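Here is a short round of questions about how some structural labels are earned. Have the model open beside you as you read.

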Amino acid sequence: MKVVDLTQVMAGPFCTMLLADFGADVIKVEPPGGGDQTRHSWGRSGKGEDGPAFFALNRNKRSVVLDLRSEQGLADFRALVADADVVVENFRPGVTTRLGIDYESVTKINPSIIYASISGFGSTGPYADRPGYDLIAQGMSGVMGVTGHPDAPPAKAGVPVADLGSGLFCAYGIVTAYVHKLRTGEGQRIETSLFEAALGFTVWEATEYWASGEVPARTGSSHRMSAPYQAFRTRDGWMTIGANNQRLWGFLCAALERPELENDERFATNPLRMKRKKELADEIESVLIENDTAYWVDRLLAGGVPCGPILAYDEVLRDPHTRHREMVQSIPHPVEGEVQTLGFPVKMSRTPAAARRHPPLLGEHQQELLGSESSESPA
């Protein structure tokens with residue numbers, strides 16, 4: 001699969017990196033004057049000009065610099081898409097039409113193209129012209145309305161679910177369209193947005209509203225339908241416990257050496273436990289604070305109770321399971337030496353993902369792909 005990647009920052013580059021990890025030839029088209037904005041995010045990194053945010057989202061790609069407002073830039077773009085399978089862009093709606101690189105223009109060059117667009121709100125509808133950021137999408141999709149604790153202000157999810165979700169949804173749309181293309185020879189247009197991605201993740205919350213007629217509220221770390229299923233304080237930190245059915249509730253009471261709680265009239269059934277979640281949490285924490293997280297994780301797991309520690313990222317990234325699952329990798333880089341990167345969340349027995357290329361230098365593949373040197377190509 002040959003992909004011409006016109007995207008910058010996060011949602012689009014994440015989408016195209018997912019494709020590149022599994023072998024797609026992704027050609028990253030960057031603007032003159034510095035390239036992708038993330039090359040200069042967070043200040044300088046290490047020995048070169050490129051920032052860590054760029055490294056995180058652009059492995060396995062080749063880079064060219066094109067001024068799409070110039071005749072030469074447009075000619076080079078047309079040459080790239082003539083035999084491409086996919087174009088991915090995340091401009092605001094209307095920009096590609098003004099530049100002459102929209103779906104209709106590209107299909108005149110390559111009728112079987114798969115043309116994927118990621119934007120804030122999509123190309124149609126009342127909000128189509130609005131600028132889109134992950135924060136805004138989380139707020140308008142309802143995600144911020146259900147994130148955080150009931151007595152606290154709305155909070156965004158700790159990771160950019162709208163950005164990453166739209167990239168992920170776009171990638172599976174592209175793969176689906178590619179299967180169709182292989183069978184029929186037909187391309188098609190694909191659209192997703194940060195707003196739709198964030199809203200698409202709210203399957204429990206939307207269902208709760210339709211089923212109950214009540215607006216879903218913020219619940220902290222607890223579950224909407226089961227208890228106990230949340231974070232709890234221990235003597236030295238925090239842990240999570242997921243005793244979300246009657247059998248596991250019994251296991252938890254035994255592991256805590258509080259067997260009387262299992263049939264306590266306050267907590268005997270899930271509806272009762274949900275009604276008294278705060279009281280239930282206080283009872284559980286009154287036992288947990290007597291010992292450390294590691295002790296309780298071992299004890300509860302031995303008793304058949306799903307649980308785990310709440311880890312900071314320094315702990316996560318050195319955790320033995322993280323390492324065993326190869327979720328931390330390093331890529332040789334011509335300037336930085338080694339660049340650390342997250343591994344591949346999907347394991348494939350016959351076609352595994354691989355880090356084949358370092359995140360490209362700006363315009364590094366200009367000569368290779370277009371037979372010319374970019375003024376911003378590396379020396």
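Helix pairs are called roughly parallel under 35 degrees, roughly antiparallel over 145, roughly perpendicular from 65 to 115, and oblique for the rest. Keep in mind that this is a predicted model.

Q: Why are α1 and α7 called oblique to each other?
A: Helix α1 (residues 11–21) and α7 pack at an angle of about 45°. Angles under 35 degrees count as roughly parallel and 65 to 115 as roughly perpendicular, and the angle of about 45° falls in neither range, so the two helices are oblique. Their axes lie 8 Å apart, and α1 passes α7 in a right-handed crossing.

Q: Which residues of α1 and α7 meet?
A: On the α1 side they are Ala11, Phe14, Cys15, Leu18 and Leu19. Their partners in α7 include Leu164, Gly167, Leu168, Ala171 and Ile174.

Q: What makes the pair of Phe121 and Phe195 tilted?
A: The ring centres are 5.9 Å apart, and rings pair if their centres lie within 6.5 Å. The planes stand at 35°, which is neither under 30 degrees (stacked) nor over 60 (edge-to-face), so the pair is tilted. Phe121 lies in the loop between β5 and α6, while Phe195 belongs to helix α8, 74 residues apart. Ring pairs also bring in Tyr127, linking it with Phe121 and Phe195 into a cluster.

Q: Why do Phe121 and Phe195 get separate accessibility labels?
A: Buried means under 20% relative accessible area. Phe121 has 9%, so Phe121 is buried. Phe195 has 21%, and because partly exposed runs from 20% to 50%, Phe195 counts as partly exposed.

Q: How do you know that Phe169 and Phe201 form an aromatic pair?
A: Their rings are 5.3 Å centre to centre, and the limit is 6.5 Å. With 35° between the planes, this pair is tilted. Phe169 sits in helix α7 and Phe201 in the loop between α8 and α9, 32 residues apart. At 25%, Phe169 counts as partly exposed, and Phe201, with 41%, is also partly exposed.

Q: How do you know that the charged end of Arg39 sits over the ring of Phe54?
A: The charged end of Arg39 is 3.8 Å from the ring centre, and the distance limit is 6 Å.

Q: What makes His333 count as buried?
A: Its relative accessibility is 7%, and buried means under 20%, so His333 is buried. His333 is in strand β10 (residues 328–333) and touches residues including Phe55, His358 and Leu361.

Technical notes
Residues numbered from 1 in each chain as written. Predicted model: local features only at pLDDT ≥ 70, side-chain atom pairs only at ≥ 80, totals over all residues. Heavy atoms only, no water. Phe/Tyr/Trp six-rings, centres within 6.5 Å; stacked < 30°, edge-to-face > 60°. Helix = DSSP H or I, 4+ residues; strand = E, 2+ residues; numbered from the N terminus. Buried < 20%, exposed > 50% of the residue type's maximum accessible area, 1.4 Å probe, protein only. Lys NZ or Arg CZ within 6 Å of the ring centre and 35° of its normal. Axes fitted to C-alpha atoms, helices over the stretch in contact; angles between N-to-C directions. Left-handed = near helix turned anticlockwise from the far one by under 90°. Contact = heavy atoms within 4.5 Å. Lists of a residue's contacts leave out its neighbours within four places in sequence.
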